[in-house]
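User: I want to learn how to read a structure like this one. Can you take me through it feature by feature?

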Amino acid sequence: MSTHTNLPLLIAGVGRYLPARIVTSGELEAEHGLAAGWIARYTGVYQRHRVTDESSSYMGAQAAREARDDARMTLADIDLILNASGTPEQSIPDTGVLIQRQLGVHAAGIPAISIHATCMSFLVALDISATLIAAGRYRSILIVSTEVSSAALNVREPENFTLFGDAAAAAVVTAPPQPWNGVLPAIHRARVETYSEGADLAALPGGGTRLHPNNPALRPEHNFFHMDGPGVLRLTRRYGMSFLEQLQSGLSHGLEDVALVIPHQASRMGLKMMGPFGWHETKIVRPLDRLGNCIAASIPATLYEAVRQGRLSRGDRVLLVGTGAGISLGGVILTY
């Protein structure tokens, strides 16, 4: 995806759903025979939310309703639902369809489709939405990222099993009606780079046509997510600085006019890597310790927190950035 500039886009409302069940790192350590304090030291996560009986579509619809209300809209104002998630509820139909059904009969007829770029799904959906709205294809788009990561975690890989959490987050985006203090909300820069040499570094091989559930070659471990965290970090380090420079000149050394950074909550080390970039710690929003890595829901869930805590105000320039399986690097600079 090439860098481009100044596509008008207003994030009119945001929403989030966190499962009521909170699983502390102390509980996981006691249950799985890990040393006390190991999880926090290794992953930086002290607690995470995990589903009980919630489905992905239920969580997504709950977050969507809050985003719709926050935007002071009704479902009749929405003309596209984008499911921007990495963990589908089922193979067919698309999770966007299931979210529409959860939203109720009044959602009938609204097109519902998916954008799947693993952890970068929300970021990519934002950029695509700005393009669709600028082209006049749609007026108001509901973007939903909903993730049940706990369904495919392998307890034999504690570095991954303890890192991830379940969550959903949503945003309603539309064309901005007017500038705030003379500044028009817009996406100024957007870029994604994919390096498929890292395709096996973060993978869940089962469930597709190659290792379909009916395939006799399928083994139980094929249905678990596996991530080589050090390998992902090495590849990110190799390409990260040049990626940031392509996104915006000077970004690899400082934030300049960026007021806030909304990063994907990849891991403790992933967030720590931002330090050498010269980005001031107070400008980086980090709920990893309380939410864990929530895959595609991480960026919008972190955005939600920044808005609700008053850390992000209208007219502020913000950077959304992170990595996803592939390996992909993604970034969007926008005026909120």
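Analyst: Start with one residue. This is a predicted model. Leaving aside residues up to four places away in sequence, leucine 126 touches Leu9, Ile143, Val173, Ile187, Leu320 and Leu334.

User: What should I look for around contacts like these?

Analyst: In soluble globular proteins, nonpolar side chains tend to be buried together. Here, the largest nonpolar core has 74 residues. Leu126, Ile262, Trp279, Leu319, Leu320 and Leu334 touch the most other members. Helix 5 (residues 121–134) gives this core its largest share, seven residues. There is also a second, separate core of 25 residues, with Met59, Ala64, Leu75 and Ile81 among them.

User: How do I read a helix, and is helix 5 buried or exposed?

Analyst: An α-helix has 3.6 residues a turn, so residues three or four places apart point the same way. In helix 5, 10 of the 14 residues are buried, so this helix is largely enclosed by the rest of the structure. The buried residues include Phe122, Leu123, Leu126, Ala130 and Ile133. Polar ones are on the list too: Ser121, Asp127 and Ser129 are buried.

User: What span should helix 5 have, at 1.5 Å a residue?

Analyst: The expected span for its 14 residues is 20 Å, and the end C-alpha atoms are 20 Å apart, so the two agree. After helix 5 comes glycine 136, with a positive phi near 80 degrees.

User: Now the strands. Which way do the side chains of strand 7 point?

Analyst: In a regular strand the side chains alternate between the two faces of the sheet. In strand 7 (residues 140–147), Ser140, Leu142, Val144 and Thr146 point one way. Ile141, Ile143, Ser145 and Glu147 point the other way. Both sets are buried. Eight of the eight residues are buried, so strand 7 is largely enclosed by the rest of the structure.

User: Which strands are joined to strand 7 by bridges?

Analyst: Take each side in turn. Strand 5 (residues 80–83) runs parallel to strand 7, joined by four bridges. There, leucine 80 has isoleucine 141 as its bridge partner. Strand 8 runs antiparallel to strand 7, with eight bridges. Leucine 142 stands opposite valine 172 in strand 8.

User: How do I read the order of strands in a sheet?

Analyst: Read across it, neighbor by neighbor. One open sheet has five strands in the order 1-9-14-13-12, with mixed pairing. Strand 1 (7–8) and strand 12 (260–263) are the edge strands, each pairing on one side only.

User: What are the pairings of strand 13?

Analyst: Strand 13 (residues 317–324) pairs with strand 12 in the parallel sense, over four bridges. Isoleucine 262 stands opposite leucine 320, and proline 263 has valine 321 as its bridge partner. With strand 14 the sense is antiparallel, over eight bridges. Valine 318 is the bridge partner of leucine 334 there. Three residues separate the two strands in this hairpin, where glycine 326 takes a positive phi near 150 degrees. Seven of the eight residues of strand 13 are buried, so this strand is largely enclosed by the rest of the structure.

User: Which helices pack against that sheet?

Analyst: Helix 7 (residues 229–247) lies across strand 9 (186–194), strand 13 and strand 14 (328–335). It runs at about 150 degrees to strand 9. Helix 10 (residues 298–308) also packs on the sheet, touching strand 12 and strand 13. Its direction makes about 145 degrees with that of strand 12.

User: What about loops? Is asparagine 293 buried or exposed?

Analyst: Check accessibility first; under 20% is buried. Asparagine 293 has 3% relative accessibility, so this residue counts as buried. It sits in the loop between helix 9 (288–291) and helix 10. A polar atom of its side chain lies 3.0 Å from the backbone oxygen of alanine 266. Beyond four places in sequence, asparagine 293 touches residues including Leu163, Phe164, His264 and Ser298.

User: And how does glutamine 178 read?

Analyst: Glutamine 178 is at 48% relative accessibility, so it counts as partly exposed. Its place is the loop between strand 8 (167–174) and strand 9. Not counting residues up to four places away in sequence, glutamine 178 touches Leu184 and Pro185. Compare sequence and space as well: glutamine 178 and leucine 9 are 169 residues apart in sequence and 11 Å apart in space, C-alpha to C-alpha.

Methods:
Residues are numbered from 1 along each chain as its sequence is written. This is a predicted model: local features need pLDDT of at least 70, side-chain atom pairs count only at pLDDT 80 or more; totals for chains, interfaces and linings use all residues. Side-chain values use heavy atoms; hydrogens and water are left out. A nonpolar core is a set of buried Ala, Val, Leu, Ile, Met, Phe, Trp, Tyr and Cys residues joined through side-chain atoms within 4.5 Å. Buried means under 20% relative accessible area, exposed over 50%, partly exposed in between (1.4 Å probe, protein chains only). Contact means heavy atoms within 4.5 Å. Two strands pair if DSSP finds at least two bridges between them. Axes are lines fitted to C-alpha atoms, for helices over the stretch in contact, and angles run from 0 to 180 degrees between N-to-C directions. The expected span of a helix is 1.5 Å times one less than its number of residues. A polar contact is a pair of N or O atoms within 3.5 Å; within protein, one must be able to donate a hydrogen and the other to accept it, and residues adjacent in sequence count only if both atoms are side-chain atoms.
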